[in-house]
Amino acid sequence: MASPNNQNSADSSLKQSLEAGLAALKQKDYQSAIALLESVSQTAANQPPGIRAQMGLVVAYKATGNLKSAIALCTSLTNIPNTQIQTWADRTLKELTPPKPPETTPETGFVAFDSATESRKETLKGARPTADKKTGFSPLEPTNAPANTKSTHISPPPPPPKPPIHPTQEGEHGDTAPTTTATDTETSGENSSGSPTDIPGFATPDTYELTWRQAGRTKSPRPLKPLKLLNFRIEAVGSAIALFFLARLVLQFLLTNINALLVQLYIFTRLPIFQPIQLFYRDPTPFLQILFGLLLASSPWLTDALLKLFCGIETLRGSVLSKHSKEATRVLRSFGTKQNMPTPVLKLLPLNVPVAFSYGCLPRFARIAVSQGLLDQLTDDEIATIFARELAHISHWDFAPMSLAMLVLQIPYLIYWQTAYWGERLCDLMTIDFLRRTVRVVTAAISATSYGVYKLLRWPMLWLSRRRVYFSDRTSAEITGNPNGLTRALTKIAIGIAANIEQQKQTSFFLESFDLLLPVGVAQAVTFGSAALRAPLKQILLWDVTNPDRALLTINSTHPLMGERFKLLELYAQFWKLETELDLASLSPEKPKTGKLSLFKSILEFKDSKLFLQGAPFFGIPMSLGIVALLWMVSWLFSKTSIWQLDWLLGDRSILWGCLPIGFCLGTLMRINYFFPDITPRETTSPSLLEILSNSKTLPLDAQPVRLSGQLLGRPGIDNWLGQDLILQTATGLVRLHYVSMIGPIGSLYPFLLKQTTRPTDLIGKPVVATGWLRRGATVAIDLETLRSQEGLVSDSGHPIWSAILAFAAAVWGAYIIIQGGR
């Protein structure tokens with residue numbers, strides 16, 4: 001039985017969610033009201049708050065035109081042994097029901113969001129971890145890892161350990177949201193109003209399971225509008241060219257600075273070994289041209305060798321594929337014949353995580369690699385939709401530049417991974433403390449620099465990576481006539497990736513390094529995949545389909561939003577007159593105000609918007625260019641007069657280049673107070689994962705101070721000194737954590753500069769309390785302020801301080817450029 005404090009905290013959280021939902025209903029914000037009220041209805045279905053939430057849901061469903069759900073829920077309310085509620089339900093049911101006798105529906109009870117779901121459903125089976133561990137999230141419905149009728153039983157990931165409780169924190173945060181089990185609810189008795197707490201036929205948090213409608217498919221799909229592949233292919237070539245020039249810039253920068261470092265060491269030591277390398281002074285363009293050409297031409301065989309070395313990839317025989325999916329075999333044959341291209345070579349990855357990707361340089365040498373986990377966890381038709389996606393990449397020719405980019409990215413990533421790995425092993429063999437620390441710092445610096453290069457080189461390919469996903473999803477639906485099957489397949493892949501991270505206690509190097517090629521992005525799968533087993537999909541995807549600024553917030557994402565993809569798949573299903581697996585297409589974002597605005601007024605409105613503050617550091621750069629243009633114009637005007645003292649400003653490029661970092665500085669300082677509000681016990685909250693995901697209007701700027709508890713997951717060694725892989729595992733899902741030292745990456749590599757002995761990697765695998773700022777954008781993450789373990793170890797993060805240091809450094813750099821240019 002839950003303690004009184006925990007029970008009171010849970011009741012308070014329910015009450016707040018209920019009041020927020022009813023307030024949204026009163027304001028006619030029906031989508032937010034549905035998301036909040038369904039959360040209360042599931043969590044307290046057999047309690048008075050849950051019954052009030054269900055009554056509000058009937059009103060919201062009626063207002064949004066979802067009469068079938070309203071009727072089903074209202075019918076359930078008529079069975080409640082309360083005269084007032086029965087009277088209200090009977091009266092409302094008469095208003096909802098047409099004059100003719102209503103047809104008998106096949107529904108057996110109310111299931112949140114999908115009350116119109118027919119009895120033919122596929123249920124993800126397995127035991128669920130108990131929800132009696134105290135976490136920072138309110139209780140939701142934890143379930144197991146994905147499975148299907150042909151899968152073996154997959155045990156659910158264990159719940160995180162009980163979080164630490166510190167005497168100083170109990171006084172400040174004694175109301176941290178606990179979890180409540182079904183037993184707690186059943187033994188709580190009746191409340192003061194005398195309403196019963198045990199209502200038959202309603203789902204409770206411990207009985208929630210992800211179910212599928214098993215919506216059908218079309219056997220002869222009508223052709224969709226032809227894709228404009230010419231523009232898409234031009235974009236693909238442009239992305240590859242942009243990658244080449246960025247790689248050239250990065251390589252030249254590294255070579256120049258290596259030689260500069262060697263010169264300083266030679267001056268200091270006079271040792272010949274530190275003489276600069278003359279080869280590094282040469283133009284690296286010819287070398288990169290040859291390297292890119294060789295990587296592209298040999299991409300099938302190089303990737304085979306890489307996957308064989310680290311993953312043990314092997315050939316996937318046709319007979320093995322037929323056992324799992326005969327339809328996939330038919331799709332491979334028929335599509336190849338129709339497109340007049342050879343069947344790709346099939347490869348099998350002996351991994352439990354469900355993944356698939358294609359690579360190669362030409363369709364003749366193309367490969368499609370799938371994991372054993374994908375064959376085991378997806379059904380026949382779902383496997384076929386994934387194979388159809390990869391065939392689409394090959395037929396669209398986007399697989400070639402993506403394969404080239406993947407191999408280019410593997411160079412810095414392998415340096416990062418292997419340097420950290422062998423650095424750890426070498427340190428373990430050393431007995432002299434000074435040498436061990438020196439080797440550790442040097443290998444960490446090389447590893448961190450390589451990781452930074454890897455993240456930087458991904459940028460030119462992000463647009464193409466997102467763009468090609470829309471095309472492949474559409475082509476897959478058209479090939480198979482099964483957009484609903486693809487929806488289920490992508491969801492199961494996300495669930496499988498999240499389950500793999502929970503089981504491995506870290507993000508595998510394979511998943512991160514091949515992220516661009518996977519059907520679902522790893523970053524988005526962390527929270528979505530873990531939440532999909534604990535809450536209705538329609539709720540956790542609400543932000544993805546209704547937030548008005550979501551398109552701009554995916555600029556740093558490898559894949560489009562899951563909600564956007566599912567919504568498009570639903571539109572294809574509706575075009576073919578099919579029942580849809582989800583109901584996202586009915587959720588429309590808020591339309592902007594009608595009427596034409598002048599350019600000046602539009603700029604003023606944008607300046608006052610949240611989105612401007614969100615991107616203020618980057619919007620400060622074009623603003624600085626405007627200031628430079630104004631100075632040049634003033635200088636030109638003065639040059640036409642006798643005032644010649646200012647004509648030197650005209651065309652001075654040092655002012656142009658110097659104002660760019662200064663503009664970044666001003667934008668950062670403008671945003672910093674909004675981005676990092678003070679964290680106080682009164683303002684700090686512990687929202688539920690469902691509340692985080694279903695709030696459709698938040699931006700990363702809306703930083704919410706939070707305090708969440710759970711187990712810290714991530715890589716334990718040098719390869720995580722910058723906090724590249726930090727994930728908080730709670731009893732209700734996974735949330736990524738962002739860490740930065742007080743003085744940036746240097747402080748992470750040299751902690752003794754801050755007299756800091758505890759870094760986040762020291763707390764890996766331990767129960768922790770994470771305090772920081774919650775960011776809700778294309779993904780969910782927390783910018784850390786502190787991590788506190790049960791033993792009292794504290795790792796401090798310095799996002800606000802580092803932002804200020806970075807801003808002032810940019811200002812000093814800009815001023816230096818201007819001063820140097822004037823000499």
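This passage describes the overall makeup of a predicted model and then several of its local features.

The model is predicted, so local features are reported only at pLDDT of at least 70 and side-chain atom pairs only at pLDDT 80 or more, while totals for chains, interfaces and linings use all residues. Residues are numbered from 1 along each chain as its sequence is written, and side-chain values use heavy atoms, with hydrogens and water left out.

To begin with the whole protein, the secondary structure comes to 30 helices and twelve strands. Helices (H or I, at least four residues) and strands (E, at least two) are DSSP runs, numbered from the N terminus. Of the 823 residues, 54% are buried; here buried means under 20% relative accessible area, exposed means over 50%, and partly exposed lies in between, with a 1.4 Å probe and protein chains only. The accessible surface comes to about 37700 Å², and 61% of that area belongs to carbon and sulfur atoms. These areas come from the Shrake-Rupley method with a 1.4 Å probe, and for residues only the protein chains shown count as cover. Contact means heavy atoms within 4.5 Å. Among contacts between residues at least 6 apart in sequence, 75% join residues at least 24 apart.

A helix pair comes next. The axes of helix H10 (residues 299–311) and helix H15 (residues 399–429) come within 10 Å and cross at roughly 35°. Axes are lines fitted to C-alpha atoms, for helices over the stretch in contact, and angles run from 0 to 180 degrees between N-to-C directions. The crossing of H10 with H15 is left-handed, a term that applies if the near helix is turned anticlockwise from the far one by less than a right angle; clockwise would make it right-handed. On the H10 side, the residues in contact are Ser299, Leu302, Thr303, Leu306 and Phe310, and they meet Ser403, Met406, Leu407, Gln410, Leu414, Trp417 and Gln418 in H15. By class, this contact has seven nonpolar, five polar and no charged residues. In that count Ala, Val, Leu, Ile, Met, Phe, Trp, Tyr, Cys and Pro are nonpolar, Asp, Glu, Lys and Arg are charged, and the others, Gly among them, are polar.

H10 also has a sheet as a neighbour. Four strands form this open sheet in the order E3-E4-E6-E5, with mixed pairing; two strands pair if DSSP finds at least two bridges between them. Its edge strands, each pairing on one side only, are E3 (314–315) and E5 (356–359). E3 runs antiparallel to strand E4 (residues 345–349) and is joined to it by two bridges, with Glu314 standing opposite Leu348 in E4. H10 packs on the sheet by touching E4, E5 and strand E6 (367–371), and its direction makes about 145° with that of E5.

Further along the chain, strand E11 (residues 780–789) is mostly covered, since eight of its ten residues are buried. Strand E9 (residues 733–738) pairs with E11 in the parallel sense over three bridges, and His738 stands opposite Asp783 in E11. Strand E10 (residues 767–776) runs antiparallel to E11, and nine bridges join the two. Thr771 has Thr786 in E11 as its bridge partner, and the hairpin formed by E10 and E11 has three residues between the strands. E11 also pairs with strand E12 (residues 794–796) in the antiparallel sense over three bridges, where Leu787 stands opposite Ser795 in E12. E11 and E12 form a hairpin with four residues between them, and Gly792 in the turn has a positive phi of about 95°.

Positive phi values also appear outside glycine. Most residues other than glycine have a negative phi. Arg270, in the loop between helix H8 (229–269) and helix H9 (285–297), has a positive phi near 60° and is exposed, with a relative accessible area of 57%. Lys577 likewise has a positive phi, of about 60°; its place is in the loop between helix H23 (562–575) and helix H24 (599–607), and at 72% relative accessibility Lys577 counts as exposed.

Finally, Gly663 lies in helix H27 (residues 653–675) and is buried, with a relative accessible area of 3%. Not counting residues up to four places away in sequence, Gly663 touches Pro617, Gly620, Ile621 and Ser624. Gly663 and Phe618 are 45 residues apart in sequence, and their C-alpha atoms are 8.1 Å apart in space.
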